[in-house]
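Open the model in your viewer and keep the selection tool at hand. The tour moves from a single residue to a helix and then to an interface.

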2 protein chains.
Amino acid sequence: MMNEHTRKKLHTWMEGEGVRAMMARLFTLGEIGMSDRDEAESAEIRTEPQGRTRLALDDADRQARDRLVAWMRELSLEVRVDAMGNIFGVLPAAEGGEHLPPLMIGSHIDTVGNAGPLDGVYGVLAGLTLLHAFRAAETLPPRPIIAAAFTNEEGVRYQPDMMGSLVYAGGYPLEQALDTRGIDGTRLGDELTRIGYAGSYPPGHVTPFAYLELHVEQGPVLDHEKMQIGAVTGVQGIFWQNVTVEGAANHAGTTPTALRHDAGLAAARAGLFLRELAVRSGTLATVGSLRLEPGLINVVPGKAVFSVDMRDPDADRLAAAQAEFAAFLPRLEQEEGVRVSSRVLVNFAPVAFAPAVIDRVEAAAQRQGFSCRRMVSGAGHDAQMMARICPTGMIFVPSRAGLSHCPQEFTGPEDLRRGVLTLLETALDLLDAEDIGTK
Amino acid sequence: MMNEHTRKKLHTWMEGEGVRAMMARLFTLGEIGMSDRDEAESAEIRTEPQGRTRLALDDADRQARDRLVAWMRELSLEVRVDAMGNIFGVLPAAEGGEHLPPLMIGSHIDTVGNAGPLDGVYGVLAGLTLLHAFRAAETLPPRPIIAAAFTNEEGVRYQPDMMGSLVYAGGYPLEQALDTRGIDGTRLGDELTRIGYAGSYPPGHVTPFAYLELHVEQGPVLDHEKMQIGAVTGVQGIFWQNVTVEGAANHAGTTPTALRHDAGLAAARAGLFLRELAVRSGTLATVGSLRLEPGLINVVPGKAVFSVDMRDPDADRLAAAQAEFAAFLPRLEQEEGVRVSSRVLVNFAPVAFAPAVIDRVEAAAQRQGFSCRRMVSGAGHDAQMMARICPTGMIFVPSRAGLSHCPQEFTGPEDLRRGVLTLLETALDLLDAEDIGTK
């Protein structure tokens with residue numbers, strides 16, 4: 001048990017110095033990967049926020065990693081990099097706790113293209129600042145605490161997403177991950193070596209006592225309901241599929257409607273079917289990408305390739321939605337005279353977090369007078385991978401208007417502060433716990 | 001009047017030597033703009049036909065132009081190039097006809113990307129071979145005959161399409177055409193100079209007595225009905241529009257269906273609306289190109305840009321379809337919570353060809369025992385521009401399965417022969433005519 005005095009000291013430093021230090025670090029990392037301001041702004045005043053792009057293992061990601069590692073070293077943390085490029089800053093335990101399983105607090109610092117400043121980075125820097133608090137208080141925790149940044153959470157450049165934590169949790173072979181080809185043709189393992197983050201630790205080198213992740217909600221629920229903290233109970237199941245429709249490319253001016261095999265129209269019908277399915281069943285369904293070939297104004301599309309993203313916290317309902325869409329495709333083939341093929345890219349079952357962690361998140365928020373609701377995460381997170389190997393929980397703060405994966409992503413300073421303090425209090429409660437189970 | 005002996009001599013040469021010469025020229029031009037065979041074929045046997053790409057004024061187009069001009073010179077034709085890059089090979093008239101308005105026979109030699117071998121080229125080479133027949137018969141026509149190749153019919157690199165003939169017919173200012181920016185950022189006038197085809201003749205330098213164009217149908221009607229020749233009575237009205245839908249890019253996993261402003265879904269609804277409109281009204285409607293932004297699997301599309309192609313031989317029906325679609329867009333805005341804007345790219349009214357020419361095409365086909373039907377062209381052609389300034393007609397031959405604008409574009413040798421002979425007989429009838437009116 002840490003004594004009340006120590007807890008108070010940590011808390012006081014965190015809500016003052018700590019939050020300011022974290023904000024400064026957020027700003028610093030948020031600048032890395034921005035397009036050249038001179039070019040972007042020219043002479044006019046910028047009215048829209050600017051996005052940054054740090055795709056996994058690109059030069060901007062390397063620069064952000066270097067910055068993170070430098071901060072870890074400034075705090076005299078032991079820096080470990082594993083073969084997957086996951087970065088760990090380790091704060092040792094007080095005497096007697098050296099060999100206890102560590103508490104791990106993590107997230108990611110890679111981004112999507114033209115991203116906001118918070119997704120992932122906020123959680124990593126909150127974890128780092130929590131270790132900073134211990135350094136500032138000149139005290140050590142009863143077990144080690146690790147601040148983690150996982151490789152390639154976004155999955156934009158290399159698929160699947162959440163790759164670093166998935167490999168860490170033993171859910172995906174390291175060799176296969178290293179052999180992944182990116183959208184730019186690069187091999188992940190080569191890029192890891194190129195940027196200097198092919199580390200020597202084996203992924204999964206330590207099994208945490210518990211894993212905590214603080215993250216912006218990336219959805220509108222907390223903002224809409226004016227709630228301050230989300231105690232995340234789990235993550236929706238996620239199903240990703242690529243669908244290819246092959247019809248016949250024909251002249252738009254000479255081919256009678258009845259003789260067409262319009263792949264674009266078939267894709268549009270699939271999009272509308274998914275919308276109706278979503279409204280009817282509650283399963284979220286999105287067609288986010290769609291490409292037509294040849295894609296010319298005067299040619300009936302001969303080919304359409306589109307993506308399907310389906311999510312549901314209920315595994316049965318998600319499976320039913322998948323099955324219903326799968327049954328629709330042969331009808332579409334027949335009615336439009338096209339051929340349809342599909343490939344599953346991702347199929348993650350819903351994940352339930354550990355009640356022992358969820359309860360402590362909720363208690364920590366309420367104790368500080370923050371309004372809090374339990375909620376399911378709509379987005380995927382590294383936490384869902386870590387939940388495979390240790391008791392896991394997440395803390396959400398509101399995203400204004402639910403916007404994320406865009407430069408408009410925003411969470412106010414007070415909300416960011418409440419998130420950091422809830423993380424700290426939850427972590428201290430967990431550090432004080434004797435046994436919270438293994439999952 | 002040309003005497004029967006001369007007509008017979010021309011016909012006999014044309015159906016033997018002439019057709020073989022044209023086929024050889026078709027093959028030669030068809031090779032220009034093909035991707036490198038070594039690279040494309042490697043060691044395996046090619047089973048699919050190979051396409052060629054000669055976008056207006058690119059290097060392949062220049063090479064094809066050089067080849068065409070060389071053939072014109074070999075036939076001792078006077079070569080004229082106008083300021084729009086349109087190429088003319090002039091066969092002089094027999095004594096006494098030097099100053100009569102010429103008969104013009106033309107089409108284009110530029111192609112779409114990955115095109116078939118016939119679209120445009122067939123008509124240009126048939127015209128050239130018709131002049132070749134006069135040289136072979138060592139006779140001259142009662143009025144000059146011009147074989148023409150118009151610049152940028154396809155409109156892929158520079159818009160609008162049919163630009164060379166449109167400028168020739170006085171429907172578009174030369175300076176504006178030369179200032180056109182291409183999809184590759186180039187200025188049309190600069191490219192014309194670069195490839196050496198910025199000629200000195202003013203566009204429209206001569207008003208033809210009549211204009212004839214032989215072309216593959218590019219649609220399935222003749223092939224489907226097993227007809228050999230189409231006597232084209234006119235060209236459908238064509239309406240091109242670009243539509244931009246602006247919604248809100250949101251996370252696909254966290255944004256409830258009811259809170260979405262899905263630009264991709266709105267575009268899909270527009271596509272389905274157009275299909276229903278086409279089925280109901282008879283107006284052809286096509287969404288050939290569609291782009292989603294950001295176009296990521298896990299982001300609700302915030303923006304969709306798509307094209308609309310509508311065609312109808314009936315001007316009123318085409319206008320009604322346009323109006324109906326325009327009235328749908330505000331409904332779509334309201335129901336999906338998106339903003340829609342649109343820009344008209346092309347709006348050509350339906351064109352009626354000259355009965356004096358149509359009748360002669362039909363008569364020429366029937367006289368030779370070729371099955372023939374009157375039909376409206378679904379595609380746009382240079383002939384519709386020339387119809388603004390002189391009596392005009394077109395001859396269609398079947399396109400197998402209606403395929404065009406793709407490497408599979410095919411018309412059998414017998415059909416190509418029937419087209420050339422119908423062109424010859426129609427031309428001879430027109431050359432014998434005293435007065436066919438001015439439009």
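Select B:Ser404 first. This is a predicted model. B:Ser404 counts as buried because its relative accessibility is 2%, and the cut-off for buried is under 20%. Trace the backbone around B:Ser404: the residue sits in the loop between strand 16 (392-397) and helix 13 (413-432) of chain B.

Now show the surroundings. Leaving out residues up to four places away in sequence, B:Ser404 touches B:Asp119, B:Gln218 and B:Glu409. Put a distance label between the side chains of B:Ser404 and B:Glu409: they are joined by a polar contact of 2.7 Å.

**Next stop: helix 3 of chain B**

Select residues 59-74 of chain B. Does the length fit a helix or depart from one? It agrees: 16 residues at 1.5 Å a residue should span 22 Å, and the end C-alpha atoms are 23 Å apart.

Go to the N-terminal end. B:Asp58 caps helix 3 of chain B there, with a side-chain oxygen 3.1 Å from the backbone nitrogen of B:Ala60. Then jump past the other end. Just after helix 3 of chain B, B:Ser76 takes a positive phi of about 55 degrees.

Colour the buried residues of this helix. They are B:Ala60, B:Asp61, B:Ala64, B:Arg65, B:Leu68, B:Val69, B:Trp71 and B:Met72. Keep the helix repeat in mind as you look along the axis: with 3.6 residues a turn, residues three or four places apart point the same way.

Which elements cover these buried residues? Switch on helix 1 (4-31), helix 4 (121-136), strand 1 (78-81), strand 2 (87-91) and strand 4 (145-150) of chain B; the cover includes these.

**Last stop: where chain B meets chain A**

Display both chains. In contact here are 52 residues of chain B and 52 residues of chain A. Between them the chains bury about 4500 Å², with 63% of that on carbon and sulfur atoms. On the chain B side, select B:His251, B:Arg275 and B:Ile297: they lose the most area to chain A, together 15% of what that side buries.

Turn to the polar links. Ten residue pairs are in polar contact across the interface. Helix 9 (263-281) and strand 12 (303-312) are among the elements of chain B that each supply at least two residues to the side touching chain A. Helix 9 of chain B gives the most, with eight residues. By type, the chain B side divides into 25 nonpolar, 19 polar and eight charged residues.

Finish on the salt bridges. The interface has two. In one of them, the side chains of A:Arg275 and B:Glu336 meet at 3.3 Å, N to O.

Note on methods
Residues numbered from 1 in each chain as written. Chains lettered and ligands numbered in written order. Predicted model: local features only at pLDDT ≥ 70, side-chain atom pairs only at ≥ 80, totals over all residues. Heavy atoms only, no water. Contact = heavy atoms within 4.5 Å. Buried area = accessible area lost by both parts, 1.4 Å probe. Salt bridge = Lys/Arg side-chain N within 4 Å of Asp/Glu carboxyl O. Polar contact = N/O pair within 3.5 Å; in protein donor to acceptor, adjacent residues only side chain to side chain. Helix = DSSP H or I, 4+ residues; strand = E, 2+ residues; numbered from the N terminus. Nonpolar A, V, L, I, M, F, W, Y, C, P; charged D, E, K, R; others polar. Buried < 20%, exposed > 50% of the residue type's maximum accessible area, 1.4 Å probe, protein only. Expected span 1.5 Å × (residues − 1).
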